[in-house]
Amino acid sequence: MDVRTVLGRFPAGGPRGSWPAEELAHAAREEGQQAEVVMDIATDMFLVIVRGAGTAAAAPA
């Protein structure tokens with residue numbers, strides 16, 4: 001089972017595009033998490049996720 005924790009959600013139509021998502025993912029990687037940005041086509045959102053079990057849940061953005 002592929003467990004994912006969503007650290008943040010950002011609208012794809014935002015004025016800065018994926019930049020806020022990339023910035024959050026970068027900050028999470030600096031803290032040792034293996035964060036990545038993915039596109040959720042169904043909701044038209046960029047998601048910052050961490051894959052794998054045992055990840056800490058964060059409040060949605």
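In this short talk I will walk through the fold of one chain, then its sheet, its core and its salt bridges.

Let me say at the outset that what we have here is a predicted model, and that everything I describe should be heard with that in mind. The chain has 61 residues, and its secondary structure comes to one helix and three strands. If you follow the chain from the N terminus, these elements come in the order β-α-β-β.

I would like to begin with the sheet. The three strands make an open sheet in which the order is E1-E3-E2, and the pairing is antiparallel. Strand E1, which covers 4-11, and strand E2 are the edge strands, each of them pairing on one side only. On average, and with direction ignored, neighbouring strands of this sheet are turned by 30 degrees against each other. The helix, H1, made of residues 19-30, packs on this sheet and touches E1, E2 and E3, while its direction makes about 155 degrees with that of E2.

Let me turn to the pairing of E2 with E3. These two strands run antiparallel and are joined by six bridges. Among the residue pairs one can pick out on the model, Val37 stands opposite Val48 in E3, and Val38 has Leu47 in E3 as its bridge partner. The two strands form a hairpin with four residues between them, and in the turn Asp44 has a positive phi of about 55 degrees.

On the other side of the sheet order, it is worth looking at Arg4, which is found in strand E1. Arg4 and Arg51 are 47 residues apart in sequence, and yet their C-alpha atoms are 4.5 Å apart in space. If we leave aside neighbours within four places in sequence, Arg4 is in contact with Ile49, Val50 and Arg51. For the chain as a whole, among contacts with a separation of 6 or more, 57% are between residues 24 or more positions apart.

Now to the interior. Which residues make up the largest nonpolar core? There are nine of them, namely Leu7, Phe10, Ala21, Ala25, Ala28, Ala35, Phe46, Val48 and Val50. The elements that give two or more residues to this core are E1, H1 and E3.

One residue of that core, Val48, deserves a closer look. Val48 lies in strand E3, and it counts as buried because its relative accessible area is 0%, where the cut-off for buried is under 20%. Apart from its neighbours within four places in sequence, Val48 has contacts that include Thr5, Val6, Leu7, Gly8 and Phe10, as well as Ala21, Leu24 and Ala25, and also Ala35, Glu36 and Val37. Gly8, which is 40 residues from Val48 in sequence, has its C-alpha 5.2 Å from that of Val48 in space.

As for the surface, 21% of the residues of the chain count as buried. The chain exposes about 4100 Å², of which carbon and sulfur atoms supply 56%.

Finally, I come to the charged side chains. How many salt bridges are there in the model? The count comes to two.

One of these salt bridges is formed by Arg16 with Glu23, where the closest N and O atoms are 2.7 Å apart. Arg16 counts as partly exposed, at 39% relative accessibility, and Glu23 is also partly exposed, with a relative accessible area of 44%.

In the other, the side chains of Arg51 and Glu36 meet at 2.8 Å, N to O. This pair links distant parts of the chain, with Arg51 in strand E3, residues 45-51, and Glu36 in strand E2, residues 35-40, the two being 15 residues apart. Arg51 is partly exposed, with a relative accessible area of 39%, and Glu36 is likewise partly exposed, with a value of 28%.

To draw this together for anyone seeing the model now, I would suggest keeping the open sheet in the order E1-E3-E2 in view, then the helix H1 that packs on that sheet, and then Val48, which belongs to the nonpolar core of nine residues. With those in place, the salt bridge between Arg51 and Glu36 can be found by following strands E3 and E2.

Definitions and conventions:
Residues are numbered from 1 along each chain as its sequence is written. This is a predicted model: local features need pLDDT of at least 70, side-chain atom pairs count only at pLDDT 80 or more; totals for chains, interfaces and linings use all residues. Side-chain values use heavy atoms; hydrogens and water are left out. A salt bridge is a side-chain nitrogen of Lys or Arg within 4 Å of a carboxyl oxygen of Asp or Glu. Buried means under 20% relative accessible area, exposed over 50%, partly exposed in between (1.4 Å probe, protein chains only). Two strands pair if DSSP finds at least two bridges between them. Axes are lines fitted to C-alpha atoms, for helices over the stretch in contact, and angles run from 0 to 180 degrees between N-to-C directions. Contact means heavy atoms within 4.5 Å. A nonpolar core is a set of buried Ala, Val, Leu, Ile, Met, Phe, Trp, Tyr and Cys residues joined through side-chain atoms within 4.5 Å. Accessible areas come from the Shrake-Rupley method with a 1.4 Å probe; for residues, only the protein chains shown count as cover.
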